[in-house]
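Please work through the exercises below with the sequence and the model at hand. Each task is followed by a solution in steps.

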Amino acid sequence: QGYHLPLCRGAYSRVELRVASSCAAQPMEEWMCDTAPAVSMESWPRCSYRCHTRDGAPAVALQISESQVGSTGCRVWRAAKKLCRFLECAGDAREPWIRSGSKILELGAGCGLVGILCARLGAEVVITDLPGLVHVAAFNVHQNQRLLSSDGSARVEELCWGSDLTGRYSRGHFDLIVGSDLTPAAKWDTPLLLVTLLQLARPQTQILVSFTHRPRELHWWRQTFEAYFRIEVLPVSEDDVLSADGKASEGKDEFSLKYFDDSGEEDKQISILRFELISPGPSDEEIRRLLHSVSRSGTSLSKAHGDDSLIW
């Protein structure tokens with residue numbers, strides 16, 4: 001039971017102990033997904049994300065329900081908000097990150113804020129997460145449906161990293177793949193995420209991930225991905241980190257709920273990482289070998305080229 005407690009990150013130890021006790025017999029992935037309160041999401045507190053506006057357009061705020069306790073995937077984190085601002089504000093009219101009709105996949109969506117924002121900007125979005133979490137994103141899509149662009153759409157699907165996606169999504173189907181704070185357990189998560197991205201990406205596929213700098217997490221990202229992807233840290237201007245009130249951020253997360261013990265999170269740097277698949281990309285046979293390695297052991301991944309191995 002004590003092994004599970006750090007994952008909850010809760011400020012209420014009595015709640016943590018009760019949840020851990022009731023879930024101790026469940027597999028880890030089930031516990032991480034199903035610890036949200038057994039109450040209607042209508043009663044959950046909401047994070048209000050104020051969309052960036054130009055030319056005097058009326059202010060619009062997305063309402064995202066999030067849970068007080070349970071999985072970290074039931075909460076809107078700062079990295080998701082920063083990625084939303086980046087997608088809205090970075091680039092220019094000639095080269096926007098999102099165009100009307102863009103096909104976008106959000107991985108590890110949690111509450112679904114980034115995917116919903118992309119649909120508001122006119123994209124056709126598939127929002128994905130683990131089976132025990134997709135109902136949270138689906139609820140938030142429903143309650144923000146009227147705010148989506150007439151050109152945009154959002155649907156929610158289950159997607160487990162490391163699974164075989166053959167026949168589900170073709171490589172290069174999506175123009176842009178996005179995610180935020182995807183690997184809080186980077187040592188274990190990054191091999192599964194790598195195999196998933198290799199099944200989805202072509203060299204022309206854009207991949208953007210917002211990333212909170214935590215100890216050794218960037219190390220695991222680079223060690224896992226750099227054999228297949230070029231990783232670029234994109235500059236983030238002040239306009240990209242506007243607060244929900246449309247003012248420049250002063251280093252304080254003005255619209256984050258404080259139900260979790262996240263002391264120190266506000267001071268951590270958040271970067272936007274851009275991934276580019278090294279051409280020509282892995283062969284289908286190489287991807288099959290990687291899938292086999294991951295299916296054999298979720299905590300080990302042998303690189304399918306050379307004699308070098310990554311084993312965790």
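The exercises concern a predicted model and proceed from the whole protein to its sheet, a helix pair and two loop residues.

**Exercise 1. The protein as a whole**

Task: State how many helices and strands the protein has, and what share of its residues is buried.

Solution. Step 1: Counting the elements gives 9 helices and 11 strands. Step 2: Of the 312 residues in the protein, 50% are buried. Step 3: Contacts between residues at least 6 apart in sequence are then considered; 72% of these join residues at least 24 apart.

**Exercise 2. The sheet and its edges**

Task: Determine the order of the strands in the open sheet of 7 strands, and identify which strands are the edge strands.

Solution. Step 1: The order is E5-E4-E3-E6-E7-E9-E8, and the pairing is mixed. Step 2: E5 and strand E8 (229–234) each pair on one side only, and they are the edge strands. Step 3: From one strand to the next, the twist averages 20°. Step 4: At the E5 edge, strand E4 (residues 124–129) pairs with E5 in the parallel sense, over 6 bridges. Val-125 has Ala-154 in E5 as its bridge partner. Step 5: Helix H6 packs on the sheet and touches E4 and E5. The direction of H6 makes about 165° with that of E5.

**Exercise 3. Strand E7**

Task: Establish in which sense E7 pairs with strand E9, and how many residues of E7 are buried.

Solution. Step 1: Strand E6 (residues 176–180) and E7 run parallel and are joined by 5 bridges. Val-178 stands opposite Leu-208 in E7. Step 2: With strand E9 (residues 270–277), E7 pairs in the antiparallel sense over 6 bridges. Here Leu-208 stands opposite Arg-274 in E9. Step 3: In strand E7 (residues 206–212), 6 of the 7 residues are buried, so the strand is largely enclosed by the rest of the structure.

**Exercise 4. The helix pair H4 and H5**

Task: Describe how H4 and H5 pack, and classify the residues of their contact.

Solution. Step 1: Helix H4 (residues 78–89) and helix H5 (residues 113–120) pack at about 20°, and their axes are 9 Å apart. Step 2: Angles under 35 degrees count as roughly parallel; H4 and H5 are therefore roughly parallel to each other. Step 3: Their crossing is right-handed. Step 4: From H4, the residues in the contact are Ala-80, Lys-81, Leu-83, Cys-84, Leu-87 and Glu-88, which meet Leu-113, Val-114, Leu-117 and Cys-118 in H5. Step 5: By class, the contact of H4 with H5 comprises 8 nonpolar and 2 charged residues, with no polar residues.

**Exercise 5. Two loop residues**

Task: For Asn-144, decide whether the residue is buried or exposed; do likewise for Val-60.

Solution. Step 1: Asn-144 is located in the loop between helix H6 (134–143) and strand E5 (153–158). Step 2: Buried means under 20% relative accessible area. Asn-144 counts as buried because its relative accessibility is 1%. Step 3: Apart from neighbours within four places in sequence, Asn-144 contacts Leu-62, Gln-63, Ile-64 and Ile-116. Step 4: Val-60 is placed in the loop between strand E1 (46–50) and strand E2 (61–65). With 15% relative accessibility, Val-60 counts as buried. Step 5: Outside four places in sequence, the contacts of Val-60 include Tyr-49, Arg-120 and Leu-147. Val-60 and Tyr-49 are 11 residues apart in sequence, and their C-alpha to C-alpha separation is 8.4 Å.

Note on methods:
Residues are numbered from 1 along each chain as its sequence is written. This is a predicted model: local features need pLDDT of at least 70, side-chain atom pairs count only at pLDDT 80 or more; totals for chains, interfaces and linings use all residues. Side-chain values use heavy atoms; hydrogens and water are left out. Axes are lines fitted to C-alpha atoms, for helices over the stretch in contact, and angles run from 0 to 180 degrees between N-to-C directions. Helices (H or I, at least four residues) and strands (E, at least two) are DSSP runs, numbered from the N terminus. Angles under 35 degrees count as roughly parallel, over 145 as roughly antiparallel, 65 to 115 as roughly perpendicular and the rest as oblique. A crossing is left-handed if the near helix is turned anticlockwise from the far one by less than a right angle, and right-handed if clockwise. Contact means heavy atoms within 4.5 Å. Ala, Val, Leu, Ile, Met, Phe, Trp, Tyr, Cys and Pro count as nonpolar, Asp, Glu, Lys and Arg as charged, and the others, Gly among them, as polar. Buried means under 20% relative accessible area, exposed over 50%, partly exposed in between (1.4 Å probe, protein chains only). Two strands pair if DSSP finds at least two bridges between them.
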